[in-house]
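The following exercises concern a single protein chain. Please work through each task before reading its solution.

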Amino acid sequence: MLIDSHCHLDFEAMAADLDGVMARAAAAGVSGMVTISTHVEKFSTYAGIAERFPNVWCSVGTHPHHADEELHIQTDDLVRLSVHPRCVAIGEAGLDYFYDNAPREAQATGLRRHIAAARITGLPLVIHSRKCDDDMAAILREETGQGAFPFLLHCFTASADLARTALELGGYISFSGIITFRNAEEIREVAKFVPADRYLVETDAPYLAPIPHRGQSNEPSFVRHTAEKLAEVRGITLEQLASETTRNFARLFAKTGLA
Ligand SMILES: [Zn+2]
Ligand SMILES: [Zn+2]
C-alpha cells in the first residue's frame, strides 16, 4: 500500500469527481492521502473532504503564494484549527522565490508562525521550498535551535546541501512525480542517499503529473508511478518502498493513528 502524503483534493479537477478519484486510488493500491491546505480561510473545505473519507486527512496552513493575503493568521489560529480530529499537519508554508507571488518578507513571517504552531502542537510542518535554499536552511537552523519541530520538505527540488541540512535537523523529504522527469538527475541523486526512515512519496496533485501522465491533471492514483521510479533509483522493490514510505508516513503523521 502507498500513501499520497500531499495532494490538493479541493482543486476543481478532483473536487468534481472525488468518488472517482478515491476509486482509482484504491485500485492503484493508494490507501491514504493528505489534502493540503493553501488558505487557512478555506480550512472548513479541507476538513469537510477529510470527514467524507476515512482514509483522507487534511492540514491547516497558508501557501507561500498567498502569504500576504493571510498575514492576519497568527500561530494561535493555526493551533486552534489543528485540533480538528482529521487535521494531521501544519502547512503548507514556506518560501517560493521562483514565482515570488508574495513579498519574501511575508513568506518568511508566515513560515515562522507555522513553525511555531508545529512546535506547539507536535504536528509535522509541511514545507514548500523553491529556489530559496540558503534562506530556508538559515531559517530551519535558527528555528530548530530555539526548539525542535517535526517537518517535511515536500515536493523536493532543492540541492543536496539543503537535503543534508534538513536530514541533520531531523526532517523528512518527500518526492513527487518530478523524480520521473528526464532532467531530474540531481533530485534522483538525493533520492539515493536519503535514509530509508526519512522519505515519503506524494503527487502534489493536480500539479506535476508523473510520466507517463505528464501534462495531464495529476491525482493520487498516479503516486504509483513516482513510487516505481523511486524504487528503481534506490535499487529496492516497489513492495519495500511502499512499506518504508508508509511506515515513515505513519511515524511522522502520527495523528492519523496508522502507526
Ligand atoms: Zn508546495
Ligand atoms: Zn502543494
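**Exercise 1.** Which residue of E2 does isoleucine 3 stand opposite?

*Solution.* Isoleucine 3 stands opposite glycine 32. The model is predicted: local features need pLDDT of at least 70, side-chain atom pairs count only at pLDDT 80 or more, and totals for chains, interfaces and linings use all residues. Residues are numbered from 1 along each chain as its sequence is written, chains are lettered from A and ligands numbered from 1 in the order in which they are written, and side-chain values use heavy atoms, with hydrogens and water left out.

**Exercise 2.** Describe how strand E2 pairs with E1 and E3, and state how far E2 is covered.

*Solution.* Step 1: strands are DSSP runs of E with at least two residues, helices are runs of H or I with at least four, and both are numbered from the N terminus. Two strands pair if DSSP finds at least two bridges between them.
Step 2: E1 (residues 2–7) runs parallel to E2, and 4 bridges join them.
Step 3: E2 also pairs in the parallel sense with E3 (residues 56–60), over 3 bridges; cysteine 58 in E3 is the bridge partner of threonine 35.
Step 4: of the 6 residues in E2 (residues 30–35), 5 are buried. Buried means under 20% relative accessible area, exposed over 50%, and partly exposed in between (1.4 Å probe, protein chains only).

**Exercise 3.** Characterise the surroundings of threonine 75 and alanine 118.

*Solution.* Step 1: threonine 75 lies in helix H4 (residues 75–81), and alanine 118 lies in helix H5 (residues 104–121).
Step 2: threonine 75 has a relative accessible area of 14%, so it is buried. Alanine 118 is buried because its value is 1%.
Step 3: contact means heavy atoms within 4.5 Å. Leaving aside neighbours within four places in sequence, threonine 75 is in contact with Arg113, Ala116, Ala117 and Ile120. Not counting residues up to four places away, alanine 118 touches Ile90, Leu123, Leu125, Phe149 and Pro150.
Step 4: the C-alpha atoms of threonine 75 and arginine 113 are separated by 5.0 Å; those of alanine 118 and threonine 75 are separated by 9.1 Å.

**Exercise 4.** How many helices and strands does the chain have, and how compact is it?

*Solution.* Step 1: the chain has 10 helices and 8 strands.
Step 2: its radius of gyration is 17 Å, close to the 18 Å that the globule rule gives for 259 residues, so the chain is as compact as a globular protein of that length. The radius is taken over C-alpha atoms, and the rule is 2.2 Å times the number of residues to the power 0.38.
Step 3: buried residues make up 59% of the 259 residues.
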